[in-house]
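Visitor: I have a model open and want to learn how to read it. Where shall we start?
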Amino acid sequence: MRLAPNPNGPWHLGSARMPAVIGTYKELYDGWMLCRFDDTDPETKRPDLDAYDSILDSIEYLGFEPDEIVKASDRVETYYDYARNLIEKGGAYTCSCDGETFSELKNSAEACPHRSKDIDTVLAEFDAMVRGEYASGEMVLRVRTDIEHKNPALRDWVAFRMVDTPHPRSEAAEYRCWPMLDFQSGIDDHEFEITHIVRGIDLQDSAKRQAFVYEYFDWEYPEVVHWGHVQIDEYDISMSTSTIKALIESGELDGWDDPRAPTLASLRRRGIRGEAIVNAMVELGTSTSNVDLAMSAVYAHNRELVDGDADRLFFVRDGVEKTLIGGPDHAEPPVHPDHEERGSRDIPVGGRVLIEPDDVPPNGERVWLKGYGPVRHTRDAFEFTGEDIDIVRNESVDVVHWVPADENIPVRLRTMHGDEHGHAEPRITTYRTDDVVQFERIGFARIDSHEEDETVSYFTHP
RNA sequence: GCUCGCUUGGUGUAGCCCGGCCAAUCAUAUUGGCCUUUCGAGCCGAUGACAGGGGUUCAAAUCCCCUAGCGAGCACCA
């Protein structure tokens, strides 16, 4: 199997599908996986030098490791060799038609005059291409397929073209004659003995095009599966590398890991495990129709992975302060309700607490401060009533979360929809970067950093 | 326009190749209840789909045809 990313930027969520599914198949059938960077267009799909490593990082985050990593731009000589070989077999010819002219001929199933050149001329002209003696657009090498094929998409397609712009990788900067994807990929899949290919429906015709080359060389084409596009709900921002890049450059996003961006870096920072993404992607299957990935599916998988380990904490957004009259001066809610052995949290209550505005009961009504006890809202204070927990069960008194008004830690919670500010119980400072906790009644969050004036956390999901 | 492909509940998926065991699977979602000092977890229940129309057949989600909708390729992009 192989992954064939185009290194033109950090990965978004949709990019995860390829490694998720291919990596899973590899593990399932004890296969072999190549990561091949298809970076053969220095101009329109100009490679981003940082993307090579960032993509490998993302693959690791998802939990996979390629058995071999190559860059197509290191293999240009190999493609030249195969091209010469193909020319000698009469399978390709150099063509100096401009794109429009050829397109018209092709659409009327007519051969262009260059199609009948003799092999020696073609070889000589191809070598001139390799030496960079033509400018962009002046000469291409075409594969001789079937100019009358009923599908115009398959007629004599371009295998090599001239590109004036140097490749950003210095190792490849001297090449001017570059292979097109269908040629390069077709050669490499055979060279690396790839047995199974999974790719998008946009490449539906690739196998049919490459089949002509395979036939000239008498190779067997790998099994191929095409899948549709993935759309993802819940995001306001489009899942397009160029769109995200533009928003970052204009300052609307903080970076590739901004929680509002549909990128893998963002999900990682939110504390979502790669495995959850993989599970959700694998569930999508490989159907050729377009599919919608619901973020709730990713969340459901992640919740399953993190719930057991996530310690519970209180975090109050936009806290309303209430004086507490009577009652104990400590609260000891459990660290995790399903794991008594992890002990309890010791929260110093002080004389005042903060609770969320929506949780303040009407005057005269009661509320149960979770892990502490029952209080009644009287005038501007909470009066401890000392009643039994049965009032929660039988009299539908609400249970709410709270923090001490004095001993607490300011916390910023970064979410997909913007930042929220509030206060958490002191214990939050004992967690380290990357720990995932659950803010009770709010949701899971990843601890990002402890700054001087506040703790920064990222909202994972409910 | 030419060519190729797809269409099962809100979402994803199984089944389709080799017609009957499909009054259609599982997950998620929504929702009701139980439990619970969380709107988390767990348990029980409910909701909800074969794009439409013809045909073949004793029998069609499954095979054939037509229509509609969606998508892709027809690039010197990947």
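Guide: Start with a helix contact. This is a predicted model. In α1, Arg-17, Ala-20, Val-21 and Thr-24 meet Val-278, Met-281, Val-282 and Leu-284 of α10.

Visitor: What is the class make-up of the residues in the contact of α1 with α10?

Guide: That contact divides into 6 nonpolar residues, 1 polar and 1 charged.

Visitor: How do I read the geometry? At what angle do the axes of α1 and α10 cross?

Guide: Take the axes, then the angle between them. Here the axes of α1 and α10, a helix of residues 274-284, come within 9 Å and cross at roughly 80°. An angle of 65 to 115 degrees counts as roughly perpendicular. Therefore α1 is roughly perpendicular to α10.

Visitor: Now the domains. Into which domains is chain A divided?

Guide: Read the bounds with care, as a domain may be written in two segments. Chain A has domain 1 (2-73 + 228-301), domain 2 (75-226) and domain 3 (312-461). Domain 1 gives 27 residues to its contact with domain 2, and domain 2 gives 30.

Visitor: How far apart are the C-alpha centres of domain 1 and domain 2?

Guide: These centres lie 28 Å apart.

Visitor: Next, a pocket. What is the volume of the second largest pocket?

Guide: About 250 Å³. Then look at the lining. Of its 16 residues, the closest to the pocket centre are Met-1, Tyr-25, Thr-195, His-196 and Ile-197.

Visitor: Which helices and strands each supply at least two residues of that lining?

Guide: Helix α1 (17-28) does, and so do strands β8 (196-200) and β9 (223-227).

Visitor: Which domains does the lining draw on?

Guide: Domain 1 and domain 2 each give at least three residues to the lining of this second largest pocket. By class, the lining has 9 nonpolar, 4 polar and 3 charged residues.

Terms used
Residues numbered from 1 in each chain as written. Chains lettered and ligands numbered in written order. Predicted model: local features only at pLDDT ≥ 70, side-chain atom pairs only at ≥ 80, totals over all residues. Heavy atoms only, no water. 1 Å grid on protein atoms, 1.4 Å probe; cavity = no way out; pocket = protein on both sides within 12 Å on 5 of 7 lines; lining within 4 Å. Points joined across faces, edges and corners; volume = space filled by probe spheres on them. Helix = DSSP H or I, 4+ residues; strand = E, 2+ residues; numbered from the N terminus. Nonpolar A, V, L, I, M, F, W, Y, C, P; charged D, E, K, R; others polar. Domains from an automatic or database assignment. Axes fitted to C-alpha atoms, helices over the stretch in contact; angles between N-to-C directions. Parallel < 35°, antiparallel > 145°, perpendicular 65-115°, else oblique. Contact = heavy atoms within 4.5 Å.
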